[in-house]
Amino acid sequence: MRNRPDKFEKYFLRILSGVFLVSLPFLFRKNNIKDSILIFAINGYTNSIADRFLVNRRILKYPVRLLAKDFKFNFVFDVLFYPAFSLFLYTWTKNDNPLKILSKTLLGVSSIFFVELWAEKNTDLIKWQKGWKWYHSFISLNLKSLSSRALIAAIKMKAEKQEQQQEQ
């Protein structure tokens, strides 16, 4: 860890939390409310499970985090930021074909990845351990985003099929 206090990191996390809490009504307004809540909830839940797994095995570490007494994982990223990003990504790709979804996901995840890479090198927000490298983060963020997007698409297709059957 660095020799300076964690004030910058806490301030950064508070600002990030505020930005995404303010953006939520706009993100929710762009989609069906059921889809939005489903996307947000599934991502928050699966993110916290995956992160807890990595933290408990000491692969990732979050030396500075909000709600540190309550959570070992990064609450701001797992429960606020990444679900909001996933909702944005869904909105951005909801009418696209699979190739466009893949390319937009890679582009969107790259922006998050570069922030994580910067944070790992320059702050105490995240530390990679036990051989975790940049490409693990890049690949896992993309796989997580694509699998979440596929799950939501499958749920939506099933719901539409059920609605069509009920109308008949």
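1. Start in a loop. Lys130 sits between strand S2 and helix H5, in the loop that joins them. This is a predicted model, and Lys130 has a backbone feature to check in it. Its phi is near 50°, a positive value in a residue other than glycine. Lys130 is also exposed, with a relative accessible area of 62%.

2. A second residue deserves the same check. Arg58 has a positive phi of about 55°, although it is not a glycine. Arg58 belongs to the loop between H2 and strand S1 (60-61). At 57% relative accessibility, Arg58 counts as exposed, because the cut-off for that word is over 50%.

3. Go back to the loop of the opening point. Gln129 is found there too, between strand S2 (127-128) and H5. Gln129 is partly exposed, at a relative accessible area of 26%. Its C-alpha atom is separated by 9.9 Å from that of Leu54, and the two residues are 75 residues apart along the chain.

4. Now helix H1. It has 23 residues. From first C-alpha to last it reaches 34 Å, close to the 33 Å expected at 1.5 Å a residue. Where does H1 bend? A kink of about 35° lies at Ser23, shortly before the proline Pro25. Ser23 is also one of the buried residues of H1. The others in that list are Glu9, Leu13, Ser17, Phe20, Leu24, Leu27 and Phe28. Some background helps in reading the list. An α-helix has 3.6 residues a turn, so residues three or four places apart point the same way.

5. Helix H3 (residues 75-93) can be read in the same manner. It has 19 residues and reaches 26 Å from its first C-alpha to its last. The expected value, at 1.5 Å a residue, is 27 Å, and the span is close to it. H3 has a kink of about 30° at Phe81, shortly before the proline Pro83.

6. Phe81 leads on to the aromatic residues. Which residues share a cluster with Phe81? Phe20, Phe77, Tyr82 and Phe85 join Phe81 in one aromatic cluster. Phe20 is among the buried residues of H1.

7. Count the pairs next. The structure holds 12 aromatic pairs. One of them is Phe12 with Trp118: the ring centres are 6.0 Å apart and the planes stand at 55°, so the pair is tilted. This pair links distant parts of the chain, with Phe12 in helix H1 (residues 7-29) and Trp118 in helix H4 (residues 98-122), 106 residues apart. Phe12 is partly exposed at 26% relative accessibility. Trp118 is partly exposed as well, at 35%.

8. Another tilted pair is Phe113 with Trp134. Centre to centre it spans 6.1 Å, with 55° between the planes. Phe113 lies in helix H4 and Trp134 in helix H5 (residues 134-167), 21 residues apart, and the pair links distant parts of the chain. Are its two members buried or exposed? Phe113 is buried, with a relative accessible area of 4%. Trp134 is partly exposed, with 48%.

9. Trp134 has a further role in this picture. With Tyr135, Ile139 and Leu143 it makes a nonpolar surface patch of about 440 Å². Ile139 has its place in helix H5. At 47% relative accessibility, Ile139 counts as partly exposed.

10. Charges come last. The count of salt bridges comes to four. One of them joins the side chains of Asp35 and Lys156, at 3.2 Å from N to O. Asp35 lies in helix H2 (residues 33-56) and Lys156 in helix H5, so the pair ties together parts that are 121 residues apart in sequence. Asp35 is buried, with a relative accessible area of 15%. Lys156 is partly exposed at 31% relative accessibility.

11. Two further bridges are worth a look. Lys104 pairs with Asp96, and their closest N and O atoms are 2.7 Å apart. Lys104 is buried, and so is Asp96. Lys121 meets Glu120 in a salt bridge of 3.8 Å, N to O. How do Lys121 and Glu120 stand on accessibility? Lys121 counts as exposed at 57% relative accessibility, whereas Glu120 is buried, with a relative accessible area of 12%.

Definitions and conventions. Residues are numbered from 1 along each chain as its sequence is written. This is a predicted model: local features need pLDDT of at least 70, side-chain atom pairs count only at pLDDT 80 or more; totals for chains, interfaces and linings use all residues. Side-chain values use heavy atoms; hydrogens and water are left out. Rings of Phe, Tyr and Trp (its six-membered ring) pair if their centres lie within 6.5 Å; planes under 30 degrees apart count as stacked, over 60 as edge-to-face and the rest as tilted. Helices (H or I, at least four residues) and strands (E, at least two) are DSSP runs, numbered from the N terminus. Buried means under 20% relative accessible area, exposed over 50%, partly exposed in between (1.4 Å probe, protein chains only). Patches are made of residues with over 30% relative accessible area and no salt bridge: like charges are joined within 9 Å, nonpolar side chains (Val, Leu, Ile, Met, Phe, Trp, Tyr) within 5 Å. Accessible areas come from the Shrake-Rupley method with a 1.4 Å probe; for residues, only the protein chains shown count as cover. The expected span of a helix is 1.5 Å times one less than its number of residues. The bend at a residue is the angle between axes fitted to the seven residues ending there and the seven starting there.
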